[in-house]
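Work through these exercises with the model open beside you. Try each task before you read its solution.

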Amino acid sequence: MSEIKQTLAAVQAEAKRCLYCVDAPCQQGCPAGVDVAQFIRHLRYADVQSAKRVIKTANPLGGICGTLCPSENLCQKNCTMNYCDAPIHIRDLQKFACANAAFRPELAPANGKKVAVVGAGPAGLGCAAILARLGYEVDVFEKGSAAAGVVAKEIPAERIDAAVVENDLAELAADTIRFHYNAPVDAARLEELSRTYDAVFVGAGLAQDRISGVDIAEGAPVVGCSQYLADLKSGATPSVSGTVLVVGGGDSAIDAVCASLTAGAEKAVLAYRRSRAEMPACDEEFFSAADKGVELMYMVSPVAIAKTAEGAAVTFVRNRLVEKPGEARKGFEAVPGSEFTLNVSRVVFAIGKKADTTLVAGKVDPDTLRVEGTNCFAGGDWLSGGATVVKAVGEGKKAARAIDAMLK
Ligand SMILES: Cc1cc2nc3c(=O)[nH]c(=O)nc-3n(C[C@H](O)[C@H](O)[C@H](O)COP(=O)(O)OP(=O)(O)OC[C@H]3O[C@@H](n4cnc5c(N)ncnc54)[C@H](O)[C@@H]3O)c2cc1C
Ligand code: SF4
């Protein structure tokens, strides 16, 4: 997907292509509910300030989403212009507006009620921002030392500028939101928070990398994707060398394989068990990885990892696709006798993450995100099992509205 040049003239020219559709299919494709036609109209007349106000009123992390949103699957997928030309470059327009104007949210007078938020990721921040605007006192408890969750900790700096994250954080209504860092919350502490606060929102994300289905020798250099990306980003792993193998086919796998090249790997190989057609990674990320020289292996699964002097010897089997009755996505099965071995310096598993399900007990109502029979609410990746920044923000907002309705 080509980017529009980030100049006001180019942005205005792009905004002029918009049809300002009355039914706003683009807005329906935005999990944060940004009034897309409205902000594009402001940009058309060079009113960047108003455009930013429209975006940030609906999406407190509008700057981050203007950079990271997989818009080809969201607002832009729904754009009416798809039927006659290219879709409007909505994400780029949002990025421009957020980078070129300031925003200060309007805050209602304090209402004397307080809410605790567990996790300062996109879901927690979305919830905290909306509650603060409604006059709630908000305490955010974050187990790490910084806000923005995966965006700050794991997503490589070459994909998200730290200044964009800082700007969104500064515009959150930070005077009224108290952040408590290095403050992990477990089930007992959550119980205490639910007694001392009027409501609690849990946006704890996904805590643990999955590493499974493979026989791994003790001491073999195997790491989960989140840990790997976080270590590269924090400098705990300053560089890598040799051939890095990443197992997986989603956007995190693409980040890990690209980050390996940036960190010094001579070769970075992505191994995926099905074909490109089944791969979850979006086209934009996939083609950018291919352009960087990442090597791709399709239809293979690792079955055993042995420790070697240089790193690891990974035994793979080749797969073939099989139709699965009643399922659109094809399954796969191993081809007998197809084993082969690849020598690598380290293996990164990017096959998903697990939520800490011990934190919240009980069923979550999908309409309100309220945990049945409690004053706790939950959302974001913790609930969905892994989605997008904008979906997490949308769920944080949804919970904030439900909390407000409960406490009114
Ligand atoms: C490598 C990678 C790349 C991605 N790329 C994109 C992308 O390009 N575009 C996109 O839209 N999405 C992307 N995503 C997905 C996106 O980052 C997530 O969907 C989003 O961050 C989810 O937000 P969240 O708030 O639910 O969880 P998180 O971002 O995980 O935040 C949860 C926060 O809670 C804290 N926490 C956890 N447990 C506790 C506890 N017990 N007590 C206190 N605090 C706790 C964590 O430290 C963290 O700060 C990517 C994800 C990964 C892993
Ligand atoms: S669907 Fe496309 S053309 Fe219509 S208002 Fe939205 S961005 Fe503009």
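**Exercise 1. Look at G394: find its element, its long-range contacts and its burial.**

Solution. Begin with contacts. Once neighbours within four places in sequence are set aside, G394 touches P31 and A32. Keep in mind that this is a predicted model.
Next, place the residue. G394 sits in helix 16.
Then check a distant pair. C127 is 267 residues away from G394 along the chain, yet their C-alpha atoms are 8.6 Å apart.
Finally, judge burial. The cut-off for buried is 20 or more other C-beta atoms within 10 Å. G394 has 23, so G394 is buried.

**Exercise 2. Compare A148 and N182: state the sign of phi, the location and the burial of each.**

Solution. Start with A148. Its phi is positive, about 95 degrees, although A148 is not a glycine.
Locate A148. The loop between strand 2 (137-141) and helix 9 holds it.
Count around A148. There are 25 C-beta neighbours inside 10 Å, so A148 is buried.
Now take N182. Phi is positive here too, near 50 degrees, and N182 is a residue other than glycine.
Locate N182. It belongs to the loop between strand 3 (177-180) and helix 11 (187-196).
Count around N182. A residue is exposed if 12 or fewer other C-beta atoms lie within 10 Å. N182 has 9, so N182 is exposed.

**Exercise 3. Describe the five-stranded sheet: give the strand order, the pairing and the edges.**

Solution. Write down the order. It is 7-15-8-9-10, in an open sheet with parallel pairing.
Find the edges. Strand 7 (222-224) and strand 10 (295-297) each have a single partner strand, so one side of each lacks a neighbour in the sheet.
Add the twist. On average, neighbouring strands are turned by 25 degrees against each other, direction ignored.
Zoom in on one pair. Strand 8 (residues 243-247) and strand 9 (residues 267-271) run parallel and are joined by five bridges. Within this pairing, V244 stands opposite A268 of strand 9.

**Exercise 4. Identify what helix 12 and helix 13 touch in that sheet, and give one angle for each.**

Solution. Take helix 12. This helix packs on the sheet and touches strand 7 and strand 15 (346-349). Its direction makes about 90 degrees with that of strand 7.
Take helix 13. It lies across strand 8, strand 9 and strand 15. Its angle to strand 9 is about 165 degrees.

**Exercise 5. Characterise the shell around ligand 1.**

Solution. Count the residues. There are 40 around ligand 1, and G119, G121, G149, G205 and G380 come nearest.
Assign elements. Those giving two or more residues include helix 8 (122-133), helix 9 (149-153), helix 12 (225-234) and helix 13 (251-262). Helix 15 (381-384) and helix 16 (389-407) are also among them.
Sort by class. The shell has 23 nonpolar, 11 polar and six charged residues.

**Exercise 6. Do the same for ligand 2.**

Solution. Count the residues. Ligand 2 is surrounded by 15, with C18, C21, C26, A37 and C79 closest.
Assign elements. Helix 2 (25-28) and helix 3 (36-44) each give at least two residues. The largest share, three residues, is from helix 3.
Sort by class. Here 14 residues are nonpolar, one is polar and none is charged.

Notes: Residues are numbered from 1 along each chain as its sequence is written. Chains are lettered from A and ligands numbered from 1 in the order in which they are written. This is a predicted model: local features need pLDDT of at least 70, side-chain atom pairs count only at pLDDT 80 or more; totals for chains, interfaces and linings use all residues. A residue is near a molecule or strand if its C-beta atom, placed from the backbone, lies within 6 Å of it. Helices (H or I, at least four residues) and strands (E, at least two) are DSSP runs, numbered from the N terminus. Ala, Val, Leu, Ile, Met, Phe, Trp, Tyr, Cys and Pro count as nonpolar, Asp, Glu, Lys and Arg as charged, and the others, Gly among them, as polar. Two strands pair if DSSP finds at least two bridges between them. Axes are lines fitted to C-alpha atoms, for helices over the stretch in contact, and angles run from 0 to 180 degrees between N-to-C directions. Two residues are in contact if their C-beta atoms, placed from the backbone, lie within 7 Å.
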